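I keep these entries as a record of what I looked up, in the order in which I looked it up.

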Amino acid sequence: MTRNNKCHLSDMPIKVYTPDSSLHSPVIMLKEMFFDLSAGRELALRLAVRDIRAQYRQALLGVLWAFILPMANTAAWLFLSYSGIVKISSTTLPYPVYIFTGTMLWAIFMDALNAPLQRVDGARGMLAKLNFPREALIVSGIYQTIFNAFIKIALLLIVVFLFGIQPGMGMFFFPIGVLSIIMVGTALGLLITPIGILYTDIGKALPLLLQFLMYITPVVFPMPKEGWAATLFNLNPLTPIILTSRDWLTGFSPDYLSSFIIVNCFAVFILLASWIAYRLAMPILIERMSA
Amino acid sequence: MSETLIKVDGISKKFCRNLKRSLWYGMQDLSKELWGQRNGGNGELRPDEFWAVNDVSFELKRGECLGLIGHNGAGKTTLLRMLNGLIKPDRGRIEMRGRVGALIALGAGFNPVLTGRENIYVNASVLGLSKQEIDDKFDEILDFAELGEFIDAPVQSYSSGMQVRLGFAVATTLEPDILLLDEVLAVGDASFRSKCWRRIGSLLSKAAVILVSHEAYAISRLCDKAIYIKQGNLEYYGDSNNALKIYSNANKTYNNDVFTVTNKSVKSVEFESGKAQLLPGDSYEFSMYIHMNESVNIDHAVINIIDQNEEVHAQSLLEFNPTSLLLEGLNVFHVKLGPLYLSQNSYDLSILLSINGGKQPLIHSKSALGFLFKNHICYGPKYYPPGSASKIN
């Protein structure tokens, strides 16, 4: 036994824990990050499968929940616009399709944004007691968002075809749009996770903030043509993401393609930065959680 | 020669007593960490902070088992969490070689709605087992957990004992180089507990083990060395039996629970202790000097042999010989308990002499007498050895 182990001594993983910040050795840190990411793949899948199964096993309506909310939202806005309570300028798309695609895509974004904080918060007990790749929680959240997105997209496609809209070549690009929505959502969600775990204020303020954000993104309103609202819409980094995805789905050529690419590049950068922050923050946060 | 798997060098950790402050410090630490500054500053305490673990060092090789003892809140779990890499030390350095297995939380990641079978996979993945490993060991896990057809029932329908069984079965399939054990075996019935200890015993020889336990017999049976931590400081590091002795002495002064209460008809009571260490089959013999103000008859006399947790391991009803009558003045008794068969541990005696048909206590003495029992066999929870008190004056 001992001799056997001696042979393995060299390839036994060595872990060193010191008070120093890992930022002092960035190369090792990056290596560890990607190592943990790959080590946590299987766990992430298991956690995602666990949560999806548990979620639908205890719900009578099952998968329907993935689009009940966006549908209700669409119905509300259709009512507001047709009853004349809210006056909405005309859209190139039929208005019901405009709202429906908008709210569905927005729902995917919200899913992605909420996932990191929810996953980490839900795993407090596990985090406080066990050492596993922390990345697995985030990845499992992404898996779950993608799973739910599939259901939403299936419904979106049905509606789009029912209204006789031909996506054409855009269909091939549409998945890129959805993935970028998920990436931007995850990046922002991960960014607020460390503070959100420490202070519950973040979790409470988030729905409020998201609602406001929705109204300055072309989800239910078309892009304003002029005025300060137009500037606000144009400055909003979510505008090109939502618009481009919708254009691809409905067969228009995207007007905001260059902004879309710029926003995505930024999102990759934010994702990496918030991933580093998340890793560094974890031991400090766990210290403040109860064991 | 076996290799050193754990090297701990002067580690310290500070905690904050106040939640609001603690969260704010968390924010500060977070921003410091992100600027690349070291954790814990220069080792100074901020208001409301204290050292939960202070300057602890030790080393552990494969095949060795280190016991960690101390009162609640002494810093044992904090130390374990640092070793497991869950929290960062504020000072010092930890080096861990090989795969670390932690039997700290059983059934982590269990989802109550899912079946036991589904949860095995989740739990095992959290602990770091690959799908292949789980598949290979699946039957072994089912076998050990002894859940029968309940394995396909949702975990929320399990009793807490059943959940622990399943959790333990999964956790011990891991074959770690370093095993961290916190008192997880405190639940479950006696037969399952002894099964758990056998399983742990088989893991011991292959790994470097750190065991946190309040059960002295577990420490003295399994561990060669032990650390006694008191308020975060390392009080003793060395032979496990010595550590236990120091711990149990500290326990007495700490709990302040050595006492002798007497009735007003008693002037004074003194005990003369017998042998400090006993082996299986030995009897414990001691003398009792009772000075009485008046004559009374002892109607009921019972001696409980208790451990540090005040659990009764043996109970003896004293038979008086030739008489249980206490006369005014000095009465000397020679008491013999046994033969005794106890698990290895240190024990105290709790003596209760009653009058008035056993309803009124005359003398109640706790922890005035005690002994260490050496044994390698584990006995059942409680038994009733014979006891006799012979009057010798």
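**Entry 1: a residue between two classes.** Before reading any accessibility I fix the terms: buried means under 20% relative accessible area, exposed means over 50%, and partly exposed is what lies in between. I also note at the start that this is a predicted model. With those limits, how does B:Asn297 count at 31% relative accessibility? B:Asn297 counts as partly exposed, because its 31% falls between the two limits. I find B:Asn297 in strand S14 of chain B, which covers residues 296-297.

I then looked up what surrounds B:Asn297, and, not counting residues up to four places away in sequence, it touches B:Ser324, B:Leu325, B:Ser354 and B:Ile355. Two of these entries can be described in terms of polar atoms: the side chains of B:Asn297 and B:Ser324 are joined by a polar contact of 2.9 Å, and a polar atom of the B:Asn297 side chain lies 3.4 Å from the backbone nitrogen of B:Leu325. For the backbone I noted B:Thr323, which is 26 residues from B:Asn297 in sequence and 8.8 Å from it in space, C-alpha to C-alpha.

**Entry 2: chain B as a whole.** I wanted the setting for these local readings. Chain B has eight helices and 21 strands, and its C-alpha atoms fill a box of roughly 80 × 55 × 45 Å along the principal axes. Of its 393 residues, 56% count as buried. Among the contacts in chain B with a separation of 6 or more, 76% come from residues 24 or more positions apart.

**Entry 3: B:Asp177.** Is this acidic side chain buried or exposed? B:Asp177 is buried, because its relative accessible area of 13% is under the 20% limit. B:Asp177 sits in the loop between helix H5 (160-171) and strand S6 (178-181) of chain B. I looked for its polar partners and found a polar contact of 3.2 Å between its side chain and that of B:Arg62, while the backbone nitrogen of B:Arg99 is reached by the B:Asp177 side chain at 2.8 Å. Leaving aside neighbours within four places in sequence, the contacts of B:Asp177 include A:Met12 from chain A, and also B:Leu5, B:Arg97, B:Gly98, B:Lys206, B:Ala207 and B:Ala208.

**Entry 4: helix H3 of chain B and the loop residue B:Val155.** Why do I write this helix down as largely enclosed by the rest of the structure? Ten of the eleven residues of H3(B), residues 116-126, are buried, and so the helix is largely enclosed. Among the buried ones are B:Glu118, B:Asn119, B:Tyr121 and B:Asn123. The buried residues of H3(B) pack against H3 and helix H6 (124-129) of chain A, together with helix H4 (131-145) and H5 of chain B. Just after H3(B), I noted that B:Gly128 takes a positive phi of about 100°.

B:Val155 belongs to the loop between H4 and H5 of chain B, and it is buried, with a relative accessible area of 3%. Leaving aside neighbours within four places in sequence, B:Val155 is in contact with residues including B:Gly116 and B:Asn119, as well as B:Phe110, B:Leu114 and B:Gln163. B:Pro112 is 43 residues from B:Val155 in sequence, yet the two are 4.8 Å apart in space, C-alpha to C-alpha.

**Entry 5: cysteines.** How many disulfides are there over all chains? The count comes to zero. I checked one pair by distance: the sulfur of B:Cys65 is 3.4 Å from its closest cysteine sulfur, in B:Cys223, which is too far for a bond because the cut-off is 2.5 Å. B:Cys65 is buried, with a relative accessible area of 4%, and B:Cys16 is also buried, at 14%.

**Entry 6: the second largest pocket.** I last looked up this pocket, which has a volume of about 1000 Å³. Of the 37 residues that line it, the closest to its centre are A:Ala107, A:Met110, A:Asp111, A:Asn114 and A:Gln118. The elements giving two or more residues to the lining are helices H3 (41-57), H4 (65-82), H5 (95-122), H7 (135-162) and H9 (201-215) of chain A. H5(A) gives the largest share, eleven residues. By class, I recorded 17 nonpolar, 14 polar and six charged residues in the lining.

Definitions and conventions:
Residues are numbered from 1 along each chain as its sequence is written. Chains are lettered from A and ligands numbered from 1 in the order in which they are written. This is a predicted model: local features need pLDDT of at least 70, side-chain atom pairs count only at pLDDT 80 or more; totals for chains, interfaces and linings use all residues. Side-chain values use heavy atoms; hydrogens and water are left out. On a 1 Å grid over the protein atoms alone, a cavity is a set of points where a 1.4 Å probe fits but cannot get out, and a pocket is an open set with protein on both sides within 12 Å along at least five of seven lines; lining residues have an atom within 4 Å of a point. Grid points are joined across faces, edges and corners, and a volume is the space filled by probe spheres set on the points. Helices (H or I, at least four residues) and strands (E, at least two) are DSSP runs, numbered from the N terminus. Ala, Val, Leu, Ile, Met, Phe, Trp, Tyr, Cys and Pro count as nonpolar, Asp, Glu, Lys and Arg as charged, and the others, Gly among them, as polar. Buried means under 20% relative accessible area, exposed over 50%, partly exposed in between (1.4 Å probe, protein chains only). A polar contact is a pair of N or O atoms within 3.5 Å; within protein, one must be able to donate a hydrogen and the other to accept it, and residues adjacent in sequence count only if both atoms are side-chain atoms. Contact means heavy atoms within 4.5 Å.
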